[in-house]
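Hello,

Here is the structure I promised to pass on. Please open it alongside this message; my notes follow below.

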Amino acid sequence: MNRTTLSLLAAATALAAVTGFGVLTAPDGTDPAAGAKAPARLPVERSALLCPAPSTSEVAETVYTSFTPPAAAGGAESQKGQAELKPSAAAANGTTADPGKAGPDKADGSETDEPKADADKADADKADTAKKPAVADKAVVTLAQPGKPVAAEADGADAPALVGTASGRLAPGWTTQQTTMVPAGGARGLLGVSCTAPDTDFWFPGASTARERQDYVHLTNPDDAAAVVDIELYGPNGALKSQLSDGIPVPARSSVPVLLSTLTSDPAAADATVHVTTRSGRVGAVVRSADDTTGSDWLPASADPAASLVLPGIPADATSVRLVAYAPGESDADLKIRLASPTGAITPAGGESLHVKSGMTASIDLKDVTKGEAGSLLLSPSQPGRATPVVAALRVVRGKGDKQEVAFIPATGPVGERATAADNRAKGTVLSLTAPTATAQVKVTASAGTEAGAQTTKTYTVKGGTTLAIPTPPVPAGLKGSYALTVETVSGGPVHAARTLEVPQDGIPMFTVQTLSDDRGTVEVPVAEQDLSVLDDRAKGS
């Protein structure tokens, strides 16, 4: 390409950068980009995941399961790569994160020795220049090849938060599941979470500052510089007052749990929404909720605010389902509530709608909405012309009396091209697939096992407006250990998915639900194939 062509292309690029739209036209009025190829999709070359500290219980048993799907035809299977998760810096220094001393206050509300963070850059500088503990060299989980999951175990309260990266052929679609069994105590339960990618903005509807709840937001920093985090709390009457939630420092490659009830002096809110943002850096964020009556589990972040949301995977035998929503914009939201059942979308009796005031958290008790048939919740504007973005999550309880167990289901995006859930078992695994708008066909692949077993695949059709619950999803032949389930959209409308893992314990129906969303294993790359030298020739001849 010659200099004239480069200049014209640079001018068009600058125009697009300034105005958001640019058109490159030849002197004779023709469009030289006509017929240009669409951007190519190539595998990502690097991924990052962050796992929170699993539990403070001495009897906790944690399993990490890491997996990368095999490359598609023409993918990066032949490339080298590595994927591993290591303890965070605090754990490497021999100090386990103590929720009672996390954040600006102790759990009992007394001041710690840490000065309260201010709202300027000095906090980041101070945290960044503080003594940094050495990061442990030994990986807790190491993945060697795509298509073959690996598992590692950690017991007790000293299991640390993990920071990990994957590169090369192991980066596209890399996922790690953290599953913890706490058989007894106030935080008993089956706690499951898909380790998260670092980000700068998270919404957690469904949290609480009530006395009977112990909800901690875990903040994990993957980078070599400190991050500074703000936490905002919103109850049924709006923002909860706090002087302690601004400018919380998260040291480099470390994890900090913060007890939500210590961040505000306002009366306790049974239903609250937590908004986590970073002033500098990026973090992984997830909420660990514990209740003496219903046990404990992780509350992952909701999908980004949207006018219509899908919350997939409500168990058939749920005894209590509570919807919590928040409207972050300036307008109120009126939501229509429908249940995507196995036979079609229905309106729950007594739970037809929810009004969400701007800046406030709203909730509704849907009770045993599934009535013995697994389903998914569909939220949409009551009036199509008033589409107000919201975030939402479900608090789901199974069992009765002193044999209850809780799990959370956040609103989630579609599986897109591909999504994966790791740590599935031969028994107790249920896969839920929901097609909210149109019939879709999906391919479900069961990976090889962590110890033994051969990959197998099955295709399913999900009718529009329904939920297909698969109590016995594909299982690898000759399975030993656990395995991964990968869902791919083949045709039709969008599909939303969730995996439920059930592990009964002493008569308690312990369970955890993980939603599956697009793993973003590929990225669009422009194809620079159009020969723009014709512009120079035309310019010379004009």
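**Thr412 and its loop**

Thr412 sits in the loop that runs between strand E27 (405-410) and strand E28 (419-424). Keep in mind that this is a predicted model. Is Thr412 buried or exposed? Its relative accessibility is 7%, so Thr412 counts as buried. Leaving aside residues up to four places away in sequence, Thr412 touches Ala303, Val310 and Pro312, and also His496, Thr515, Leu516 and Ser517.

**The protein overall**

The secondary structure comes to four helices and 38 strands. The protein has 542 residues, and buried ones make up 50% of them. Now take the contacts with a separation of 6 or more. Residues 24 or more positions apart account for 82% of these. The exposed area is about 23,400 Å². Carbon and sulfur atoms supply 50% of that area.

**Aromatic pairs**

How many aromatic pairs does a search of the whole structure find? It finds three. In the pair of Tyr234 and Tyr326, the ring centres are 4.8 Å apart. The planes of these two rings stand at 35°, so the pair is tilted; stacked would need under 30 degrees, and edge-to-face over 60. This pair links distant parts of the chain. Tyr234 belongs to strand E12 (residues 227-235) and Tyr326 to strand E20 (residues 318-326), 92 residues apart. Both tyrosines, Tyr234 and Tyr326, are buried. Ring pairs also bring in Trp203, which forms a cluster with Tyr234 and Tyr326.

One further ring has a charged neighbour. Arg398 lies over the face of Phe511, 5.1 Å from the ring centre.

**Strand E10**

Strand E10 covers residues 201-207. Six of its seven residues are buried, so E10 is largely enclosed by the rest of the structure. Its partner is strand E16 (residues 272-280). Six bridges join E10 to E16, and the two run antiparallel. To find the pairing on screen, start at Phe202: its bridge partner in E16 is Val276.

**Two open sheets**

A reminder before the details. Strands of a sheet pair through backbone hydrogen bonds, either parallel or antiparallel.

One open sheet has four strands in the order E2-E7-E4-E5, with antiparallel pairing. Its edge strands are strand E2 (46-51) and strand E5 (141-143). Each of these edge strands pairs on one side only. On average, neighbouring strands of this sheet are turned by 15° against each other, direction ignored. Strand E4 (residues 83-87) pairs with E5 in the antiparallel sense, over three bridges. Ala83 stands opposite Leu143 in E5.

Another open sheet of four strands has the order E33-E29-E36-E37. The pairing here is antiparallel. Which strands form its edges? They are strand E33 (466-470) and strand E37 (511-516), and each pairs on one side only. Neighbouring strands of this sheet are turned by 20° against each other on average, direction ignored. Strand E36 (residues 496-502) and E37 run antiparallel and are joined by six bridges. Leu501 stands opposite Thr512 in E37.

**Positive phi at two residues**

Asp423 is not a glycine, yet its phi is positive, at about 60°. Its place is in strand E28. Asp423 has a relative accessible area of 1%, so Asp423 is buried.

Arg520 is not a glycine either, and its phi is positive at about 50°. Where does Arg520 lie? In the loop between E37 and strand E38 (522-525). Is Arg520 buried or exposed? At 67% relative accessibility, Arg520 counts as exposed.

**Gln383**

One more loop residue to look up is Gln383. The loop of Gln383 lies between strand E25 (375-381) and strand E26 (391-398). Gln383 has a relative accessible area of 46%, so Gln383 is partly exposed. Gln383 and Ala333 are 50 residues apart in sequence. In space, their C-alpha atoms are 9.6 Å apart.

Best wishes

Methods: Residues numbered from 1 in each chain as written. Predicted model: local features only at pLDDT ≥ 70, side-chain atom pairs only at ≥ 80, totals over all residues. Heavy atoms only, no water. Phe/Tyr/Trp six-rings, centres within 6.5 Å; stacked < 30°, edge-to-face > 60°. Buried < 20%, exposed > 50% of the residue type's maximum accessible area, 1.4 Å probe, protein only. Lys NZ or Arg CZ within 6 Å of the ring centre and 35° of its normal. Pairing = 2+ DSSP bridges. Axes fitted to C-alpha atoms, helices over the stretch in contact; angles between N-to-C directions. Contact = heavy atoms within 4.5 Å. Areas by Shrake-Rupley, 256 points an atom, 1.4 Å probe, with all protein chains shown as cover.
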